[in-house]
Amino acid sequence: MICSCRQLRRGAVTAAALGVLVVPAGTGPVLASPAPAPTAATEQPSPSPTTSDDGFRALSPEVKRQVDEAVLRVMREADVPGVTVGLWTPDKGTHVRSFGVADKATGQEMSPDLSLRIGSETKTFTVTALLKLVDEGRLGPDDTIGEYVDGVPNGDETTLRQLAGMRSGLFNYTEDQDFFKALTSDPERSFTPRQLLDYAFKHPVLFQPGEKFSYSNTNLILLGLVVEQVARQPLQEYIGRTVLEPAGMERTLLPTNAAFPSPHAQGYTDQTADGKIADTAGWNPSWAWAAGAMISTLEDLRVWAPTVATGVLPDGEILISPATQQQRLDTRASSIPGAGYGLGIFDVGGWLGHNGSLPGYESLTVYLPSARATMVVLLNTDVDHDGSEPSTLFGDAITKIVSPEHVFDLPAQPAGR
């Protein structure tokens with residue numbers, strides 16, 4: 001999910017749920033607890049915490065068979081070329097399988113080692129970078145964006161917390177028709193962050209900061225600029241040094257151009273100027289930048305799911321202080337039925353994480369705290385099926401089998417991809 005406008009609205013928005021997490025004690029600045037934001041009448045209550053039962057079935061041969069059948073059914077119904085699914089638990093088994101093809105032209109099979117674009121899952125990394133700076137005392141979550149970036153509508157009232165929590169009221173640039181025309185007329189062109197903001201700022205704000213939830217990729221472009229300014233280095237370098245390297249995620253990156261590590265899957269989208277299906281591996285993701293341009297692999301995302309959900313690195317070291325992580329997981333009601341949203345993280349049916357959608361690619365990386373279970377889904381198309389995103393169709397079908405009390409069902413949103 002990464003952009004917007006069904007149309008790139010897909011930056012990726014959807015994603016994961018929030019439960020009560022127990023994390024190791026540690027030091028770090030305590031974030032002031034924000035007053036509860038007003039909830040719009042149309043917003044849904046946040047999902048309830050997980051129950052005492054961990055709610056996850058053992059991955060027996062029969063359960064694995066059921067999962068495989070469900071995945072194949074979704075592939076047929078949604079016409080998905082290729083998908084890789086991974087399920088991991090500490091005590092109930094593991095299941096990793098790829099289905100279909102990575103490239104329809106060559107017949108290359110889908111496989112777990114391929115790199116794919118992960119769309120709005122990028123948001124989890126950008127917000128983590130921001131929270132690292134909070135822990136270092138170099139900025140505050142309730143600083144206003146106007147302190148860092150000039151020309152932002154309501155910039156002197158909109159906080160970094162509101163941007164990360166999708167409560168700024170700023171127009172989503174990927175829903176702008178001029179932007180969509182510019183991108184689809186030349187998918188290989190490069191956009192600057194300021195150009196992206198210009199598409200957003202020509203529109204009036206949707207509501208006053210903090211009033212309600214509205215998913216907007218504009219928020220993350222602004223946060224990316226804040227990280228660069230405070231860290232005094234490019235966003236990709238700061239994320240690489242402070243997040244990816246400590247987590248051991250050697251095949252994850254925020255690209256600065258259209259370069260795509262090999263081996264990778266070809267992507268297929270209908271978000272084109274003529275509406276016809278096009279190959280997208282060569283498209284330049286600069287237009288998504290801090291909101292959705294990252295690339296990763298199944299194994300790296302397996303590592304990331306529990307890391308982003310707990311704030312603890314694979315080696316047990318602290319990535320984000322417990323006090324700051326608690327604020328991240330303060331998932332508020334959203335306008336998306338059954339979903340809560342914290343600071344760059346979703347709570348859907350107890351699953352914490354995010355989904356992603358970029359033309360040609362979709363992903364889902366989530367963690368169920370009660371069972372310490374991880375689910376990752378990677379696929380090479382973003383073409384909707386009956387108004388639903390393929391990644392959600394897979395997530396829903398799989399979780400109905402492995403965690404029937406915690407089903408991942410995230411309705412497609414016009415600006416939440």
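Is Asn172 buried or exposed? In this predicted model, Asn172 is buried, with a relative accessible area of just 3%. The residue sits in the loop between helix 3 (160-164) and helix 4 (177-185), so a loop position does not by itself put a residue on the outside here, given that 3% falls under the 20% cut-off for buried. Part of the surroundings of Asn172 comes from further along the chain: Tyr215 is 43 residues away in sequence, yet the two C-alpha atoms are 7.5 Å apart in space. A polar atom of the Asn172 side chain also lies 3.3 Å from the backbone nitrogen of Asn217, and residue 217 is where helix 6 (217-231) begins.

Stepping back to the whole chain, the protein has 11 helices and 14 strands. Of its 417 residues, 63% count as buried. Among contacts between residues at least 6 apart in sequence, 73% join residues at least 24 apart. The protein exposes about 14600 Å², and carbon and sulfur atoms supply 50% of that area.

The sheet comes next. Here 8 strands form an open sheet in the order 4-3-14-13-12-11-10-9, with antiparallel pairing. Strand 4 (94-100) and strand 9 (332-333) stand at the edges; each has a single partner strand, so one side of each is left without a neighbour in the sheet. As a general matter, strands of a sheet pair through backbone hydrogen bonds, either parallel or antiparallel.

Strand 12 (residues 351-358) is a good place to look at the sheet in detail. What share of strand 12 is buried? The count is 8 of the 8 residues, so the strand is largely enclosed by the rest of the structure. In a regular strand the side chains alternate between the two faces of the sheet. For strand 12, Trp351, Gly353, Asn355 and Ser357 are buried on one side, while Leu352, His354, Gly356 and Leu358 are buried on the other, leaving both faces covered.

The neighbours of strand 12 are reached through hairpins. Strand 11 (residues 346-348) pairs with strand 12 in the antiparallel sense over 3 bridges, and Val348 stands opposite Trp351. That hairpin has 2 residues between its strands, and Gly349 in the turn has a positive phi of about 60°. Strand 12 and strand 13 are antiparallel too, over 7 bridges, with Leu358 standing opposite Tyr361 in strand 13. Their hairpin again has 2 residues between the strands, and Gly360 takes a positive phi near 100°. Strand 13 then pairs with strand 14 in the antiparallel sense over 7 bridges, and Thr374 of strand 14 is the bridge partner of Tyr367.

Aromatic residues turn up repeatedly in the fold, with a count of 10 aromatic pairs. One of them is Phe125 with Trp304, which is stacked at 4.2 Å centre to centre with 15° between the planes. This pair links distant parts of the chain, as Phe125 belongs to helix 2 (residues 122-135) and Trp304 to helix 9 (residues 298-310), 179 residues apart. Both partners are out of reach of solvent by the usual count: Phe125 is buried at 0% relative accessible area, and Trp304 is buried at 1%.

Elsewhere, Tyr173, Phe179, Phe191, Tyr199 and Trp287 form one aromatic cluster. Arg189 lies over the face of Phe191, at 4.0 Å from the ring centre. Lys104 does likewise with Tyr268, at 4.3 Å from the ring centre. Tyr199 also appears among the buried residues of helix 5 (residues 193-201), together with Leu196, Leu197, Ala200 and Phe201. The cover over these buried residues includes helix 4 and helix 6.

A few backbone details round things off. Most residues other than glycine have a negative phi, and most peptide bonds are trans. Against that background, the bond from Ser262 to Pro263 is cis, with omega near 0°; Pro263 lies in the loop between helix 7 (235-247) and strand 6 (268-269). Arg232 has a positive phi, near 60°, and sits in the loop between helix 6 and helix 7. Unlike the buried Asn172, Arg232 counts as exposed, at 75% relative accessibility. Arg372 has a positive phi as well, near 50°, and lies in the loop between strand 13 (361-368) and strand 14 (373-379).

Notes
Residues numbered from 1 in each chain as written. Predicted model: local features only at pLDDT ≥ 70, side-chain atom pairs only at ≥ 80, totals over all residues. Heavy atoms only, no water. Helix = DSSP H or I, 4+ residues; strand = E, 2+ residues; numbered from the N terminus. Buried < 20%, exposed > 50% of the residue type's maximum accessible area, 1.4 Å probe, protein only. Contact = heavy atoms within 4.5 Å. Areas by Shrake-Rupley, 256 points an atom, 1.4 Å probe, with all protein chains shown as cover. Polar contact = N/O pair within 3.5 Å; in protein donor to acceptor, adjacent residues only side chain to side chain. Phe/Tyr/Trp six-rings, centres within 6.5 Å; stacked < 30°, edge-to-face > 60°. Lys NZ or Arg CZ within 6 Å of the ring centre and 35° of its normal. Pairing = 2+ DSSP bridges.
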